[in-house]
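Reader: I am in my first year and should be grateful for a close look at a single part of this model. Please describe one helix in detail, and then set it within the rest of the chain.

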Amino acid sequence: MSPSAKQIERMLALVPYLRTNDGVPVTEVAELFGVPKAQIVKDLNVLWFCGLPEAVSGEMIDVDMDALNADGVVYIDNADFLKRPLRLNGYEAASLITALRALKETVAGRDLAALESALAKLTAATGDADLGAGAAEVLVEDAESQVHERVAEALRQGRRLHLQYRVESRDELTDRDVDPLRLITAEGRLYLEGWCYRAHDVRLFRLDRVERIEILDDAVAEHEGVEPRDYATRLFQPHDDAYEAVVALHPNALWVREYVDHTELGTDEDGWVRIKVVTGDEAWLKRFVLRAGGNIRVVEPTRLAEQIVSETRASLAAYDAE
């Protein structure tokens, strides 16, 4: 999880705590939340700028910085709005309903029951209001697949998985044992986040690339220092030895964008779409381009582009020789 995400999570718990513990020493707050005193002081400085939407100066949360600096104790004021019942406008309610419907595709058991209960209450609270949530179709691939069921089962039982997993970036079928951490949904697909014993690190596995799955008898182990990662800004976390390449796609090869993690760079003067990909296997990228029959070309790095052109000419020359 990124530092900013951790700060938001901490502050959401910090404000209710401070409202019921007026004058608490800042050192005690830091100890309770497991962070240095300086971090709590930073959090309190952010609170100066927090309040209800459209709040102006004087309506935001007030922190008694004099008491903090002089006596090392924390007092906050102007946070009474937290006691008010939550009120959502139409847009917020529709967004939350749609998000819960998407989340529903990834959970099971007690979590599913709790989620369905929350969804039912929220839907009932909105009454007959036309929020547009019903018009949003939630599609999550593999939501009802056997692989999804097995992963959910392993998570419930706390047991290790054995996967036969297809690595697209290396065009390779791999076998690996994985301690499942959680299921996530991103870009309409289901992913398993887990500790991979083959990579000795946390890895993300797309469920539609799992060729075979088995729940093992081994219990999930504790992995020191391992925390769920923050994928809010970037789903694919490149390895240290990965490098970037710029690839141009002919209009006939735009399907590639559905299968390869990439960043769009725009369209060139010839109508080819340029994308940036990150790969840890240059050989895979070379094979991928050569198989495309001229519909994909490498733009950068120049060295690789020249190498592919040279190998293509050599192959064509071999045909001529025959």
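Author: The account below begins with helix 7 and then turns to its surroundings.

The model is predicted, so local features need a pLDDT of at least 70 and side-chain atom pairs count only at pLDDT 80 or more, whereas totals for chains, interfaces and linings use all residues. Residues are numbered from 1 along each chain as its sequence is written, and side-chain values use heavy atoms, with hydrogens and water left out.

Helix 7 covers residues 146–157, which makes 12 residues. Helices (DSSP runs of H or I, at least four residues) and strands (runs of E, at least two) are numbered from the N terminus. At 1.5 Å a residue, helix 7 should span 16 Å; the expected span is 1.5 Å times one less than the number of residues. The C-alpha atoms at its two ends are 16 Å apart, in agreement with that expectation.

Which residues of helix 7 are buried? They are V147, H148, V151, A152 and A154, where buried means under 20% relative accessible area, exposed over 50%, and partly exposed in between (1.4 Å probe, protein chains only). These residues cover an arc of only 160° around the axis, and therefore lie on the same side of helix 7; the arc is taken from the directions that run from the helix axis to the C-beta atoms. An α-helix has 3.6 residues a turn, so residues three or four places apart point the same way. On the other side of helix 7, Q146 and E149 are exposed.

The buried residues of helix 7 pack against four strands: strand 5 (159–167), strand 6 (172–186), strand 7 (189–196) and strand 9 (210–219). Contact here means heavy atoms within 4.5 Å. Just after helix 7, G158 adopts a positive phi of about 65°.

Some of these strands lead to further residues. C196, with a relative accessible area of 0%, is buried. H223 is situated in the loop between strand 9 and strand 10, and with a relative accessible area of 18% H223 is buried. If neighbours within four places in sequence are set aside, H223 is in contact with D179, W195 and Y197.

The wider chain provides the setting. The protein chain has 10 helices and 13 strands, and buried residues make up 34% of its 322 residues. Among contacts between residues at least 6 apart in sequence, 58% join residues at least 24 apart. The structure holds zero disulfides, a disulfide being a pair of cysteine sulfur atoms within 2.5 Å. C50, at 25% relative accessibility, counts as partly exposed.

A search of the whole structure finds three aromatic pairs. Rings of Phe, Tyr and Trp (its six-membered ring) pair if their centres lie within 6.5 Å; planes under 30 degrees apart count as stacked, over 60 as edge-to-face and the rest as tilted. One of the pairs joins Y17 and F33, whose ring centres are 5.9 Å apart with planes at 70°, so the pair is edge-to-face. Y17 belongs to helix 1 (residues 3–19) and F33 to helix 2 (residues 26–33), so the pair ties together parts that are 16 residues apart in sequence. Y17 counts as buried at 18% relative accessibility, whereas F33 counts as partly exposed at 22%.
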